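Please look over the sequence and the model shown here before reading on. The report is meant for a reader who has not seen this structure before.

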Amino acid sequence: MSILLGCIADDFTGATDLASMLVHAGMRTVQTIGIPTAPLPAGTDAVVIALKSRTIAADQAVAQSLAALHWLRDAGCRQVYFKYCSTFDSTDQGNIGPVAEALMSALGTPFTIACPAFPENKRTIFKGHLFVGDTLLAESSMRNHPLTPMHDSNLQRVLQAQTAGKVGLIEHSTVAAGPQAIVERMDSLQAEGVGIAIVDAISNNDLLHIGAACSGLPLVTAGSGIALGLPQNFRAQGLLDTKDAALDLPPTLGLRAIVCGSCSQATQAQLADAMARGIPAYAVDPLRLAANEDQVADAMAWASPLLPQGPVIVYATASSDRVKAAQEQLGVERAGALVEEALAEIARQLVQAGVRQLIVAGGETSGAVVTALQVRSLRIGPTIDPGVPWTVSLGATPIALALKSGNFGATDFFTKAWSALP
Ligand code: ADP
């Protein structure tokens, strides 16, 4: 059977978030880093193509998204999902509007929705206004975002500034009335010449109603929340039989390691907790790397005899004072790059030494490790903590990877994660 749902995500962690939601709702999901270069495994229900298109120039974001769409159509996807951030991260130039309109035009569809709401994560939309927790978007910390500062909470206005077509609104009273009412409103908005409709949503129930109402749309644009309701549409059509897609991970037997490049408070607490529980740990230090010390060889010599006994940790994590001191001496970029390079090479050599279950802490660090391991696609498995699933790389040597963005995960993450592996 061909792939049912084809998703294009505008960044990597957003792609993982969406993929996790789909797995949770019963779709066997593969996430690819960029456009897939090899066929996906048989039985894949959904694919999430992770781009890095959130803040690049609009014309490049459009070109990359259209190339991804091309692949998805060739793979036979029945519905396309354009995933962006739940805080609608964009500028007046895009990229949400231009990409959505380009996808509509390529798919030959005159209408779609836009709904970044994710009530469980405190992102709600009412009367077209996006709330982050109890505050309006433009009054939240998003107003100070370095790349996509959000100065208007009215999503209809925000999107209208980025689109050529007309932007409308499906209000909460309609959403609460159920899928049929939403479909009727979609039809009447289309008749009024609206191309994209912002949709209110303040609860999971609203997301389920909206998901059901999207059954006939060739294109959905949303945060990850709408993914809650879409798999049920395929199930109702007899196209999806899986219930527990998370258990469908290929097995990975081998040694275990943790590579830790995040300096966030959450990661510092997780590292301290793991060390207090007796997991051996080796520290990588940017100043020693800058002095040409071969910490990669040193770390591997340290790790090799320990690995057969249980997980080991290699970390660069340091207090903010120590990070600042290293950055003052080396420059922010060089300090970061030295650490990322060393940790990525250590991860590669750990895998060479037989590690098949690997936790990586840090968004940038994860990117560097995945590149060093030449991982191009991941099957998404069970969630360890919100936003962090186990994944298994596809390819000749499957490796279980938990890629943890800095602030995610409970304090005992590094010890409890192993028991979430199927
Ligand atoms: P997070 O997800 O917490 O933001 P990232 O991996 O994205 O984590 O970013 C952490 C950055 O800090 C990386 O570039 C990493 O190389 C760098 N880094 C880690 N440890 C140190 C350190 N001791 N000194 C300076 N920079 C460091």
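The sections below describe the overall fold, the ligand site and one loop.

## Overall form

This is a predicted model. The secondary structure of the protein consists of 15 helices and 18 strands. Measured out along the principal axes, the C-alpha trace spans about 70 × 45 × 35 Å.

The protein has 422 residues, and a compact globule with that many would have a radius of gyration near 22 Å. The protein has 22 Å, so its value agrees with that of a compact globule.

## Where the ligand sits

The ligand takes up the space of the second largest pocket. A shell of 18 residues surrounds the ligand, and the closest are Ser 262, Glu 340, Gly 363, Glu 364 and Thr 365. By type, the shell divides into seven nonpolar, nine polar and two charged residues.

Which helices each supply at least two residues of this shell? They are helix 13, residues 332-352, and helix 14, residues 363-372. Helix 13 gives four residues, the largest share of the shell.

## Polar atoms around the ligand

Polar backbone atoms of the protein lie beside the ligand at two residues, Ala 316 and Gly 336. At Ala 316, the backbone atom is 3.0 Å from a nitrogen atom of the ligand. At Gly 336, the backbone atom is 2.9 Å from an oxygen atom of the ligand.

A side chain takes part as well: an N or O atom in the side chain of Glu 340 is 2.5 Å from an oxygen atom of the ligand. On its own the ligand has 570 Å² of accessible area, and the protein covers 81% of this.

## The loop between strand 4 and helix 3

Strand 4 (79-83) and helix 3 (96-107) are joined by a loop that contains Asn 95. Phe 88 lies in the loop between strand 4 and helix 3 as well.

Two backbone features can be described here. Most residues other than glycine have a negative phi, and most peptide bonds are trans. Phe 88, a residue other than glycine, has a positive phi, near 55°. The peptide bond that joins Gly 94 and Asn 95 is cis, with omega at about 10°.

Conventions:
Residues numbered from 1 in each chain as written. Predicted model: local features only at pLDDT ≥ 70, side-chain atom pairs only at ≥ 80, totals over all residues. Heavy atoms only, no water. Near = heavy atom within 4 Å. Polar contact = N/O pair within 3.5 Å; in protein donor to acceptor, adjacent residues only side chain to side chain. Areas by Shrake-Rupley, 256 points an atom, 1.4 Å probe, with all protein chains shown as cover. 1 Å grid on protein atoms, 1.4 Å probe; cavity = no way out; pocket = protein on both sides within 12 Å on 5 of 7 lines; lining within 4 Å. Sits in = over half its atoms within 2 Å of the grid points. Nonpolar A, V, L, I, M, F, W, Y, C, P; charged D, E, K, R; others polar. Rg over C-alpha atoms; globule rule 2.2 N^0.38 Å.
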